[in-house]
Structure formats: structure tokens, C-alpha cells
Amino acid sequence: MLISTILRGKGSDVTTVAPDATVRELLARLAEHNIGAVVVSADGVTIDGIVSERDVVRRLHDRGAGILGEPVSSIMTAEVRTVAPGDRVDELRKTMTTHRVRHMPVVEDGRLAGIVSIGDVVKNTIEELETEKASLVDYLHR
């Protein structure tokens, strides 16, 4: 199964935040969209970084509530792992597990084309297993 299959099912919309937006604005965006991470992008096309709820919590612990007024760029992860629509979901699952990453932007031709979460990967895996199970049950009952 390919990453593009997941995107076909969930859509390719990506919530982004500008690097100079405040962490408080970031939190509002996360809550508004009920998501756990956003891509940091000045233009909505290129990736400057990624920032998650975990990043906020860790920086709150380290530096205190003052970070809420700081720019997102001060807490984001700048080196972002990405995938392409043609990459395989099983490889993505391994990468996410190995590197403890829950969200990976999808890039096509140098442009942001979507985002895949660990939840999307788990959902896809369950659907594949259910399809395989149905095929095996059907085979056995013939």
C-alpha cells in the first residue's frame, strides 16, 4: 500500500502555521482543528519545520509559560522527516516507530502535498488486515 492511498482517503489538506506565529496561536490552531501537530511554513508550500503538542509540553516544562508569547520557530523541529506519495506505508510505519515520529509531511515535487499521522497508518493497517481476513474466510468457505 502506498502513502497516496492514505491521502486519497483522508484528503491532502494540511494545517500550517507561520514561523513567526506565537505558540499561543499554534495552540489555538491545534484545538480548532483537533490535531496533534502542524507544519511550520511561511508560504504554505515549503516546510520550515513541524511542531507538535509534545514540543509545546516539553518547552513549557523547560522554559515556563513565557513560551506562549514566543514564535513557533523557537520550539519547532527544523529537520523534518518527510515521505513521498509513492512511498510504501509499511516503510513509513517502520520509520515512525524507529524514530518515534507521529506525524510526517508528504512532499511531492518539493511542495507540501499532505500529512500522515500514526493514526492514519494504524487505520490503514487495520483496514488491510480486515480485507485480508475477509478474503481468507471467503476462501475457506468455498
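Helices and strands here are DSSP runs, at least four residues long for helices (H or I) and at least two for strands (E), numbered from the N terminus. On that count, the predicted model comes out with five helices and five strands. Walking along the sequence, the pattern reads α-β-α-β-β-α-α-β-β-α.

As for overall dimensions, the C-alpha trace spans about 65 × 35 × 25 Å along its principal axes. Of the 142 residues, 32% are buried. The accessible surface adds up to about 8,700 Å², and carbon and sulfur atoms account for 50% of that. On the charge side, there are 18 positive and 22 negative side chains, with the centres of the two sets 5 Å apart. If one takes the contacts between residues at least 6 apart in sequence, 56% of them link residues at least 24 apart.

Now to the sheets. Strands 1, 2 and 3 make an open sheet in the order 1-2-3, and the pairing is mixed. Strand 1 (16-17) and strand 3 (49-52) sit at the edges with a single partner strand each, so each has one side left without a neighbour in the sheet. Strand 2 and strand 3 run antiparallel and are joined by four bridges. Within this pairing, Val-38 stands opposite Val-51 of strand 3.

The valines of this region turn up again in the packing. The largest nonpolar core has 14 residues, and Val-17, Leu-26, Val-51 and Val-72 have the most contacts inside it. Helix 2 (23-33) and strand 2 (37-40) each put in at least two residues, with helix 2 giving the most, at three. Val-17 makes a handy example: setting aside residues up to four places away in sequence, it touches Leu-26, Arg-29, Val-38, Val-39, Val-40, Ser-41 and Val-72. There is also a second, separate core of 12 residues, whose members include Ile-3, Ile-6, Val-83 and Val-121.

Further along the chain, strand 4 (residues 103-108) and strand 5 (residues 111-117) also run antiparallel, held together by six bridges. Here Pro-105 stands opposite Ile-115 of strand 5. Ser-117 belongs to strand 5 as well. With a relative accessible area of 16%, Ser-117 falls under the 20% cut-off and therefore counts as buried. Neighbours within four places in sequence aside, the contacts of Ser-117 are with Met-96, Arg-102 and His-103.

The backbone angles deserve a look too. Most residues other than glycine have a negative phi, and two residues in this part of the chain go the other way. Arg-100, not a glycine, has a positive phi of about 55°. Its place is the loop between helix 4 (89-99) and strand 4. A relative accessible area of 66% is over the 50% cut-off, so Arg-100 is exposed. Asp-109 likewise takes a positive phi, near 55°, and lies in the loop between strand 4 and strand 5. That loop belongs to a hairpin with two residues between the strands. Asp-109 is exposed too, its relative accessible area being 75%.

Note on methods: Residues numbered from 1 in each chain as written. Predicted model: local features only at pLDDT ≥ 70, side-chain atom pairs only at ≥ 80, totals over all residues. Heavy atoms only, no water. Core = buried A, V, L, I, M, F, W, Y, C linked by side-chain atoms within 4.5 Å. Buried < 20%, exposed > 50% of the residue type's maximum accessible area, 1.4 Å probe, protein only. Contact = heavy atoms within 4.5 Å. Areas by Shrake-Rupley, 256 points an atom, 1.4 Å probe, with all protein chains shown as cover. Lys, Arg positive; Asp, Glu negative; His and termini not counted. Charge placed at Lys NZ, Arg CZ, Asp CG, Glu CD. Pairing = 2+ DSSP bridges.
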